[in-house]
Amino acid sequence: MKSLIHYVAIFTALFLLASNAYAATLQVYPVDINFCGSENAQAIYVKNTGSAAIGAQVRVYHWDQKNNKDTLEETQALLISPPMATIPPSREQLIRVIIPAPASGENEQAYRLIVDELPGRSNLAEKDGVRFLLRYSLPVFVNCHHTQPDSTALTFSVDPSVHPAVLRVHNGGNQHVKLENIVLTSGNRKIVMSKGLLGYVLPHREMAWPLPENSKNISAVSFNLNDNEKKQTLHITS
């Protein structure tokens, strides 16, 4: 049986798989990249915490949302320098994300930066074994806003016509929203839908997430928005 290499996707909330046979050696920070005002370059750092050199590749995709799903399309709207690097043990590599031309208009633009750990001698799976490689997906926003988004531009609704029923969130505002710590109100009950990140909704887009089991007669939703510690509550529309 041939040895296998699998990618482990790590999205915005960054988590690491851990077991006796596997430990992450590739780390990336910061996890949010924002271009506000006239900024045309940002930096991320790719760190090797292991004992052997590792390779990394960085690519950028235009990020949109259609039919309640994220869509990614290759783009050259942003430049990555360097796009590939070999990182010695216990060292880190500076990666620059560059806007080659000034952003046009006032609309916020969304991208995803994909950072892949590359296969190499240091991470080859042993015979008949499996080796996991890390993949980070980092959000990038151009023409971002320094102010918090207006929560009144959000519409929450429950759609029971699908199975399982879903919570739909429409963002009518002009900047993205990052939804965290979702708690639903059902009569006198409080139902925790997510501890931490639920997901993003881009400007003028809609996303949907499955409701927890036995979530009936939901009347309101409480949440944290864009890392703001203040909890907000909105009523559910029918």
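Is Phe 141 buried or exposed? Phe 141 is buried, with a relative accessible area of 2%. Keep in mind throughout that this is a predicted model.

**View 1. Tyr 29 and Tyr 45, a stacked pair.** The structure holds 5 aromatic pairs, and here is one of them: the rings of Tyr 29 and Tyr 45 sit 5.4 Å apart, centre to centre, with 20 degrees between the planes. Tyr 29 belongs to strand β2 (residues 26-29) and Tyr 45 to strand β4 (residues 41-48), so the pair ties together parts that are 16 residues apart in sequence. Both rings belong to residues that still show some surface: Tyr 29 is partly exposed at a relative accessible area of 36%, and Tyr 45 is partly exposed at 28%.

**View 2. Trp 63 and Phe 141, a tilted pair.** Now for the partner of Phe 141. The ring centres of Trp 63 and Phe 141 are 5.8 Å apart, and their planes make an angle of 40 degrees. This pair links distant parts of the chain: Trp 63 is in strand β5 (residues 54-66) and Phe 141 in strand β11 (residues 130-144), 78 residues apart. Trp 63 counts as buried because its relative accessibility is 3%, under the 20% cut-off.

**View 3. Who else is around Trp 63?** Tyr 200 joins Trp 63 and Phe 141 in one aromatic cluster. There's a charged residue to look for too: Arg 112 lies over the face of Trp 63, 4.2 Å from the ring centre.

**View 4. The largest nonpolar core, with 24 residues.** In soluble globular proteins, nonpolar side chains tend to be buried together. Which residues touch the most other members of this core? They are Ile 44, Val 46, Leu 78 and Leu 113. At least two core residues come from each of β2, β3 (33-36), β4, β5, β9 (92-98), β10 (109-118) and β11. Strand β11 gives the largest share, 5 residues.

**View 5. Leu 78 and its contacts.** Zoom in on Leu 78, one of the residues picked out in the previous view. Setting aside neighbours within four places in sequence, Leu 78 is in contact with Val 60, Val 97, Ile 98, Ile 99, Pro 100, Tyr 111, Val 140 and Val 142.

**View 6. Another core, of 21 residues.** This one lies apart from the largest core. Its members include Phe 156, Trp 209, Val 221 and Leu 225.

Technical notes: Residues numbered from 1 in each chain as written. Predicted model: local features only at pLDDT ≥ 70, side-chain atom pairs only at ≥ 80, totals over all residues. Heavy atoms only, no water. Phe/Tyr/Trp six-rings, centres within 6.5 Å; stacked < 30°, edge-to-face > 60°. Helix = DSSP H or I, 4+ residues; strand = E, 2+ residues; numbered from the N terminus. Buried < 20%, exposed > 50% of the residue type's maximum accessible area, 1.4 Å probe, protein only. Lys NZ or Arg CZ within 6 Å of the ring centre and 35° of its normal. Core = buried A, V, L, I, M, F, W, Y, C linked by side-chain atoms within 4.5 Å. Contact = heavy atoms within 4.5 Å.
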